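Please find below my notes on the model you sent, set out as numbered points. They begin with the chain as a whole and then turn to a single residue.

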Amino acid sequence: MKSLRTTALKEAQTRVSPEVKAPSPKISEFFGSNVFDTKKMKDFLSKDVYEKLIAAIDRGELINQDEANHIASAMKQWSMSKGATHYTHWFQPLTGSTAEKHDSFFEPSKDGPIEKFAGSALVQQEPDASSFPNGGIRNTFEARGYTAWDPSSPAFIMESKAGKTLCIPTVFVAYTGEALDYKAPLLKALNALDKAAVEVCQFFDKGITKVTASLGIEQEYFLVDLALYNARPDLALTGRTLFGHMSAKGQQLDDHYFGSIPERVYSYMVDFENEALKLGIPLKTRHNEVAPLQFECAPIFEEINLAIDHNQLLMDVMEKVARRHHFKVLLHEKPYAGINGSGKHNNWSLITDTGKNLLAPGKTPKNNLMFLAFFVNTIKAVHEHADLLRASIASVSNDHRLGANEAPPAIISIFLGQQLNEVLDEIEHSRISKKIKEDNALWLGIPKIPQILLDNTDRNRTSPFAFTGNKFELRAVGSSANSSAPMTVLNTIMADQLVKFKIEVDKLIKKGEKKDIALLTIIKKYIKESKDIRFEGNGYSQDWENEALNRGLANVKTTPVALDAYISDKTTELFEKNNVFTKRELHARHEILLEDYYKKLQIEARVMGEVANTMVIPACIEYQNALLENVKGLKDAGLSKESLETPLSIINKLSLHLGIVKNSIDEMLEERKRTNAIEDSREKAIAYDQNVKSHFDAIRYHADKLEQIVDDSVWPLPKFRELLFLK
């Protein structure tokens, strides 16, 4: 009888890639074709309304009802011309994925059916959204949650074989106005950063009136054949393999990294890139990653709100297109034990409305003083709120990756590179010159910063927050995460730090100090105060853990404890002062994240028990019975006792590992029952981590030993060599 595994393997080995055709030979000819961008706005809107909408996008100006009606009518006209029949408010609830509820343009009327889309429907909707996570902000019977249009992120059309839908990016808030999504607080953080950064920019350039955070998100992912995926209940239900002995060949030869892209994968990549490009997602890069069947794609930098919307949309597109190619996209941070996991590297910088990158060293002392101000304030902000930044990247799946061989450790540190590190050290120990001239260095004994090149640093893969020439790269974000969480934190702490910086500089100026001297004095002070967060070495080493402990840096390795930073008095003051979160919203998110943590471990524990009891153990017993029949046959044939030693030895090993697996499963079940009775979310999450999850390793270890013993034809689960090396 054929097993599910053998059937899946046969199916996977006979795949034929579907034909992929680009809409046009040139990407420039179809890029953004499904986006209601500024060009289409000009075509479908009156000049006055177009200018009003641009003002709303650029400066947050309000749009009145008449203007909203005009914009809604234009969106409807454009989207229907593209074949859309429905519209939806597209939002990002605290589930971590996106959400949508489709409504038809169609409406009956006295004069017959019409297509209608009013401004009120564009600006706000009230979905039945009681089942989304709210952390106690709403009762289950209170279904009111409002989606409100975000004009700064353009509407787009999502295509499928069955039809097309106009999607309108929105925020999602409770009846009380409290945020129930990722986008609303991000927009508030960006607004706070804009104001604070402009105030500091005024020290250097009065012409700067707006500062925008930019972001480039590198997305790592695995692919697995859909049939093999469906034959692995653990992959299908948890996103990772709960069992599986490492293949003899893994990533140790480094022969996959940047290698020739497999033809079937290449076909998939081109297909999803075409769909993404039509949606205005500016994908630029594709390549093989380190682990077998691991890949990466990356876009050009965009304004941060749009970049995150595009990344959320990209993950959805990747999944939908994968089905056409009989693939499954794995976005879990560690789908396979023993090989590299996947991250979502967030490359962050600050851009002025005059086109200057505030994190790019300049060519004059004046420009470099401006660079130093923002550069050092970033270091200071991360130093002051490292625990909060750690909390923002915490999840049950990212816990598997942080500190592993390919990911940054749980200790938050900053890598600058030798040259910039030396510059900061020299500034710290220098005497500031009181005689400032434009054509000289601004302090004595320090080389001019214009000598610093754009890419003066090598990359440090072990650093969670590294400076890479003209941007900081937050490498610790997990591949499945919504980047809004860490970006809301990063932009808020930067805004708060810049406000403090300006206050301190203004105080010195008020006392009669020259502006540039005042700026340098505070910069020097911050360099000294934040020095402990800077680290240039190997973040994976035990030496660094020891040194970090001596420096007083936190090393919080699990999510439930890391999340405490969200509800500290310091964090509450930070977010309330900058009008990003209220105390109630912070506690709600803390509760939601804790629940997400223990519920996912609960699912993993249940799946592990089910797969072990119904697949692994029966397969082992079947093989054991076959060996017993073999022993019986040998005995009946009159063979010597020595001839029985090998099969009996295998039977004994099977029995040993089987017993441990079964006992561990039963112990885990009892521990899960006790843990489920705990009412406090934090206590329950910690108990799941310490008491339930602690059984996983033993169960897996002995199940994987069984995989190495049992007849290959009997083993029920697709093996790593089949999952990772299928051509």
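**Notes on the predicted model**

1. Of the 727 residues in the protein chain, 55% count as buried; the model is a predicted one, and the values below should be read with that in mind.

2. As for overall dimensions, the radius of gyration of the protein chain is 29 Å, which agrees with the value near 27 Å that a compact globule of 727 residues would have. Taken along the principal axes, the box filled by the C-alpha atoms is roughly 105 × 80 × 55 Å.

3. The secondary structure of the protein chain comprises 24 helices and 17 strands. Among contacts with a separation of 6 or more, 75% are accounted for by residues 24 or more positions apart.

4. Turning to the surface, the protein chain exposes about 31500 Å², and 51% of this area is supplied by carbon and sulfur atoms. The chain carries 92 positive and 98 negative charges, and the mean positions of the two sets are 3 Å apart.

5. Gln251 deserves a separate comment: this residue lies in the loop between helix H9 (233-238) and helix H10 (263-278), yet Gln251 counts as buried because its relative accessibility is 18%, where the cut-off for buried is under 20%.

6. Which residues does Gln251 touch, not counting those up to four places away in sequence? They are Val290, Ala291, Pro292, Ile339 and Asn340. With Asn340, the side chain of Gln251 also forms a polar contact of 2.8 Å, joining it to the side chain of that residue.

Terms used
Residues are numbered from 1 along each chain as its sequence is written. This is a predicted model: local features need pLDDT of at least 70, side-chain atom pairs count only at pLDDT 80 or more; totals for chains, interfaces and linings use all residues. Side-chain values use heavy atoms; hydrogens and water are left out. Helices (H or I, at least four residues) and strands (E, at least two) are DSSP runs, numbered from the N terminus. The radius of gyration is taken over C-alpha atoms; the globule rule is 2.2 Å times the number of residues to the power 0.38. Buried means under 20% relative accessible area, exposed over 50%, partly exposed in between (1.4 Å probe, protein chains only). Contact means heavy atoms within 4.5 Å. Accessible areas come from the Shrake-Rupley method with a 1.4 Å probe; for residues, only the protein chains shown count as cover. Lys and Arg count as positive and Asp and Glu as negative; His and the chain ends are not counted. The place of a charge is taken as NZ of Lys, CZ of Arg, CG of Asp or CD of Glu. A polar contact is a pair of N or O atoms within 3.5 Å; within protein, one must be able to donate a hydrogen and the other to accept it, and residues adjacent in sequence count only if both atoms are side-chain atoms.
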